[in-house]
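Work through the exercises below with the model open beside you, and try each task before you read its solution.

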Amino acid sequence: RYVRTRYIQEMAQRGCHGYASCYLNAAQGEAELAQTCQAARETFSIIRDALDANSVLQTLECPVQQDAFRRLVR
């Protein structure tokens, strides 16, 4: 969950909003695809560094993402 949350956080900071799965659609042009690919490269590098430093949780700037269905049954 921490890595997924960090992915969402970093992608959002780069203008790509969504969940941990990457859904592209026909409405995205070359510029949007390039932005998404660049954001993903930067984000995966940041996550790799955070995993190596064991600091993923400490570097979150937002609440940890909750499983949508789990929050409904608690």
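The exercises that follow deal with charged pairs, a nonpolar core, an unusual backbone angle and cysteines.

This is a predicted model, in which local features need pLDDT of at least 70 and side-chain atom pairs count only at pLDDT 80 or more, while totals for chains, interfaces and linings use all residues. Residues are numbered from 1 along each chain as its sequence is written, and side-chain values use heavy atoms, with hydrogens and water left out.

**Exercise 1.** Find the salt bridges that Glu-10 forms, and state whether Glu-10 is buried or exposed.

*Solution.* Begin with the rule: a salt bridge is a side-chain nitrogen of Lys or Arg within 4 Å of a carboxyl oxygen of Asp or Glu. The structure holds four salt bridges. In one of them Glu-10 pairs with Arg-6, with the closest N and O atoms 2.9 Å apart, and in another Glu-10 pairs with Arg-14, where the corresponding distance is 2.8 Å. Next, locate the first pair: Glu-10 and Arg-6 both lie in helix α1 (residues 2-13), four residues apart, about one turn of the helix. Helices here are DSSP runs (H or I, at least four residues), numbered from the N terminus. Finally, apply the rule for burial, in which buried means under 20% relative accessible area, exposed over 50%, and partly exposed in between (1.4 Å probe, protein chains only). Glu-10 is buried because its relative accessible area is 5%, and Arg-6, at 8%, is buried as well.

**Exercise 2.** Follow the charged pairs onward from Arg-14 and describe what they join.

*Solution.* Arg-14 forms a salt bridge with Glu-42, and their closest N and O atoms are 2.7 Å apart. Arg-14 lies in the loop between α1 and α2 (30-52), whereas Glu-42 lies in helix α2, so this pair ties together parts that are 28 residues apart in sequence. Through shared partners, salt bridges join Arg-6, Glu-10, Arg-14 and Glu-42 into one network. For the accessibility of the last pair, Arg-14 counts as partly exposed at 23%, and Glu-42 is partly exposed at 31%.

**Exercise 3.** List the residues of the largest nonpolar core, and then the contacts of Met-11.

*Solution.* A nonpolar core is a set of buried Ala, Val, Leu, Ile, Met, Phe, Trp, Tyr and Cys residues joined through side-chain atoms within 4.5 Å. The largest one has seven residues, namely Tyr-7, Ile-8, Met-11, Cys-16, Ala-39, Ala-40 and Ile-47. Helices α1 and α2 each supply at least two residues of this core. Contact means heavy atoms within 4.5 Å; leaving out residues up to four places away in sequence, Met-11 touches Cys-16, Thr-36, Ala-39, Ala-40 and Thr-43.

**Exercise 4.** What is notable about the phi of Asn-54, and where is this residue found?

*Solution.* Recall that most residues other than glycine have a negative phi. Asn-54, although not a glycine, has a positive phi of about 55°. Asn-54 is found in the loop between α2 and α3 (70-73), and at 64% relative accessibility it counts as exposed.

**Exercise 5.** How many disulfides does the model contain?

*Solution.* A disulfide is a pair of cysteine sulfur atoms within 2.5 Å, and by this rule the count comes to zero. Two of the cysteines can still be placed by accessibility: Cys-37 is partly exposed at 42%, and Cys-62 is partly exposed at 32%.
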